[in-house]
Amino acid sequence: MEYHDSETAKAVAGRVESFMDEVVIPREREALATGEQIPMHEIEDLWEEAKERDLFAPQVPEEYGGQGLDFSDMLPSFEQVGRSLIGAHAIRANAPQEGNMHTLEMVGTEEQKEEYLRPLVQGEMTSAFAMTEPKQGGGSDPKMLQSTAVKDGDEWVINAHKWWTSDGLDADFYLLMARTDLDAHPYEGTSIILVPRDADGVEVVRNVPHLGGHGITERTGGHAEMKFDNVRVPVENTIGEENAGFRIAQMRLGGGRLTHCMRYSGMAERSLDIAKAYLAEREAFGSTLEEKQALRHRIADAETRLHAARTMVRHAARELDRSDARIEVAMAKMFTANVTQDTIDLALQCCGGNGIGKDLPIAHFYEAVRAFRIVDGADEVHRRSIARWAFEDVDETEIENTLQFDEDLRIDDLDD
Ligand SMILES: Cc1cc2nc3c(=O)[nH]c(=O)nc-3n(C[C@H](O)[C@H](O)[C@H](O)COP(=O)(O)OP(=O)(O)OC[C@H]3O[C@@H](n4cnc5c(N)ncnc54)[C@H](O)[C@@H]3O)c2cc1C
C-alpha cells in the first residue's frame, strides 16, 4: 500500500526495514526456536549497529543522538520495528522510554536534558512514568490522583503509591505525577517530578503479575508496584512548569498513543503476513487453505481494517505535528487497538496449533496486544472524549427543522 510518506520518512524506514529483515527478525527467530532470552549485551550490540546504519532513535533530535523526525516522519519506521518483538528495543524506540524521552525533550531544562535525556537516549539509563495508582487513585479518571508532593524549603516531599509503572523494576528514575496544590482542581494543581531511583524512601514493591510480558529479552523491566515514602527531591526536579502536570501528561500521552498504534500496526501486519504464508502452503480438505473462501473473506476484511487504521494514524500524526489533535488521536488509538487485536487473533486462528505455539511470534503478539485496549486510555475513555466532542456543538433546532412531523401520520405509514 502506498501512503505517500515524505522522502525523509521513506529513506529512514527503508534502512529500518533492511535492518529488521537482515538482523533483527533472524535473531528473533533464533531466540523463539530455542526459547532462550536475548541477553541485554546483545540488545546493546543492536543499538551500535542501528547507529552505524543511521536509524537509531528516529524520534529523538539529532543533537541528542537520534534522527530528529517528527511524528509523521517517524511513523513508517515505527511500523517497521513493530514487526518484531525486539524491533523497537533494537533502535531504542520502545515504550515507555520513547515517551519519556519526548517529555524531557519537550519541557526539560537544559540541565535535565544533559543529566537525564542524553544518557536515556544512549541506553545508559532507563526511566519509567508513574501516574496510575491502586485502590481509589488515578486510573481511567486521572483526577482521582492521590499522590502528593509538598514543598519543604527547596525540596519536594513526595508520598505516593503507584502501580503499573512500566519498566519500573529497572528504572534509574521515575517521572512521577503528584498533586502539588491541594486547593486547586487536579488539572490545575498537579506536577510531574523526576525522582531518582536511589532517593531515600523509594521502594519497588513487586512486579505486578500480568498477561503476556514474558518477552524474549532478558530485561523486561516489568510493570512495577511502587511506594514513595516521604521521598525528598530538589524542587528543580519538577519537569516543566509547576502545576502543569496534566497538560504535559496530555502532550506525552498524545504522542505515546500514536507511537503505540504505529508499533502495533507493524505487529498486526507481520501476523497477517505469517498467516497468509501458512494458508498458501497448508493443504486441507482437497486444496490449500488459501483457497477457502471463508478464510479469504476474513483476510480481506482484516487487510481493509488495518489499512483504515494505518491511514487514521497517519492523519492523526500529521495533525499532532501541528496541534494537540486530541480527538484525532483518541479515534486512531481506539480504532487501531481493536483492529490490531482482531487482526492478530485472526492470524493466530489461521495458523491453527502453530498460532498457539511459540515457535512463531504470533502468540507473543496476541498476549501483548490485549493490554493496548486498556493502556493509554481504555476504549471507553476514548469513546467518552469522542462523544463529548461529537455532541459539543449540537444545534438543537436541527431536529425540528429537519423532521417535518405530520400530525396525522399513523405508525403504520412508517412501514413504507
Ligand atoms: C501493561 C500495562 C502497562 C501500563 N503502563 C503504565 C505506565 O507505565 N504508567 C502508568 O502510569 N500507568 C500504566 N498502566 C496503567 C494504565 O494506564 C491503566 O490501567 C489505565 O489507565 C486504566 O486505569 P485502571 O487500570 O485504574 O482502570 P479503571 O480506571 O479502574 O477502569 C476499569 C475499566 O472501566 C472502564 N471504564 C473506565 N472509565 C469508563 C467510563 N467513563 N465509561 C465506561 N467505562 C469506563 C474501562 O473499560 C476500564 O478498562 C499500564 C497498564 C497496563 C495494563
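Let's start at Asp141, which counts as partly exposed at 31% relative accessibility. Keep in mind that this is a predicted model, and that every number here is computed from it. Asp141 has a salt-bridge partner in Lys143, with the closest N and O atoms 3.1 Å apart. Lys143 is partly exposed too, because its relative accessibility comes to 30%. That pair is one entry in a total of 31 salt bridges in the structure, so let's walk through a few others.

Take Arg206 and Glu225, where the closest N and O atoms of the salt bridge are 2.7 Å apart. Arg206 belongs to strand 6 (residues 202-207) and Glu225 to strand 7 (residues 223-234), so this pair ties together parts that are 19 residues apart in sequence. The two ends have their own surroundings: Arg206 counts as partly exposed at 36% relative accessibility, whereas Glu225, at 10%, counts as buried.

Another pair to look at is Lys276 with Glu303, whose side chains meet in a salt bridge at 2.6 Å, N to O. Here distant parts of the chain are linked, with Lys276 in helix 7 (residues 245-281) and Glu303 in helix 8 (residues 293-320), 27 residues apart. Lys276 is partly exposed at 32% relative accessibility, and Glu303 is partly exposed with a relative accessible area of 31%. There is also a network to trace: Asp5, Glu79, Glu269, Arg310 and Arg314 are joined into one by salt bridges that share partners.

Some members of that network turn up again in a pocket. Which residues lie nearest the centre of the second largest pocket? They are Met1, Tyr3, Glu79, Glu269 and Arg310, out of 23 residues that line it. The volume of this pocket is about 480 Å³. Its lining draws at least two residues from each of helix 1 (7-34), helix 3 (71-81), helix 7 and helix 8.

Helix 3 deserves a stop of its own. How many of its eleven residues are buried? The count is eleven of eleven, so put this helix down as mostly covered. Among the buried residues are Phe71, Met74, Leu75, Phe78 and Val81, but also Asp73, Glu79 and Gln80. As for what they pack against, the buried residues of helix 3 meet helix 1, helix 4 (87-90), helix 5, helix 7 and helix 8.

One of those neighbours, helix 5 (residues 97-107), holds Glu98. Is Glu98 buried or exposed? Its relative accessibility is 4%, so Glu98 counts as buried. The side chain of Glu98 makes a polar contact of 3.0 Å with that of Arg263. Leaving aside residues up to four places away in sequence, Glu98 touches Gln59, Phe78, Ala93, Thr259 and Arg263. Phe78 is one of the buried residues of helix 3 we just met.

It helps to lay the UniProt record over this picture. An unreviewed entry there gives "domain: Acyl-CoA dehydrogenase/oxidase N-terminal" for residues 6-124. That span is 66% helix and 0% strand, and its end C-alpha atoms lie 32 Å apart. The record, again an unreviewed entry, lists "domain: Acyl-CoA dehydrogenase/oxidase C-terminal" for residues 243-390. Over residues 243-390 the chain is 77% helix and 3% strand, with the end C-alpha atoms 29 Å apart.

For some strand, go to Thr165, which is placed in strand 3 (residues 155-166). Thr165 is buried, because its relative accessible area is 0%. What does Thr165 touch, not counting residues up to four places away in sequence? Its contacts are Ala128, Phe129, Ala130, Tyr174, Gly222, His223, Ala224 and Met226.

Last stop: enclosed space. Rolling a probe the size of a water molecule over the atoms shows where empty space is left. Searching the whole structure turns up two cavities of 30 Å³ or more. The largest cavity holds about 150 Å³ of space. It is lined by 14 residues, and Met40, His89, Arg92, Asn94 and Arg219 are the closest to its centre. Helix 2 (residues 40-52) gives the largest share of that lining, three residues.

Technical notes:
Residues are numbered from 1 along each chain as its sequence is written. This is a predicted model: local features need pLDDT of at least 70, side-chain atom pairs count only at pLDDT 80 or more; totals for chains, interfaces and linings use all residues. Side-chain values use heavy atoms; hydrogens and water are left out. Helices (H or I, at least four residues) and strands (E, at least two) are DSSP runs, numbered from the N terminus. Buried means under 20% relative accessible area, exposed over 50%, partly exposed in between (1.4 Å probe, protein chains only). A polar contact is a pair of N or O atoms within 3.5 Å; within protein, one must be able to donate a hydrogen and the other to accept it, and residues adjacent in sequence count only if both atoms are side-chain atoms. Contact means heavy atoms within 4.5 Å. UniProt positions are given in the numbering used here, feature names are shortened, and annotations may be inferred rather than shown by experiment. A salt bridge is a side-chain nitrogen of Lys or Arg within 4 Å of a carboxyl oxygen of Asp or Glu. On a 1 Å grid over the protein atoms alone, a cavity is a set of points where a 1.4 Å probe fits but cannot get out, and a pocket is an open set with protein on both sides within 12 Å along at least five of seven lines; lining residues have an atom within 4 Å of a point. Grid points are joined across faces, edges and corners, and a volume is the space filled by probe spheres set on the points.
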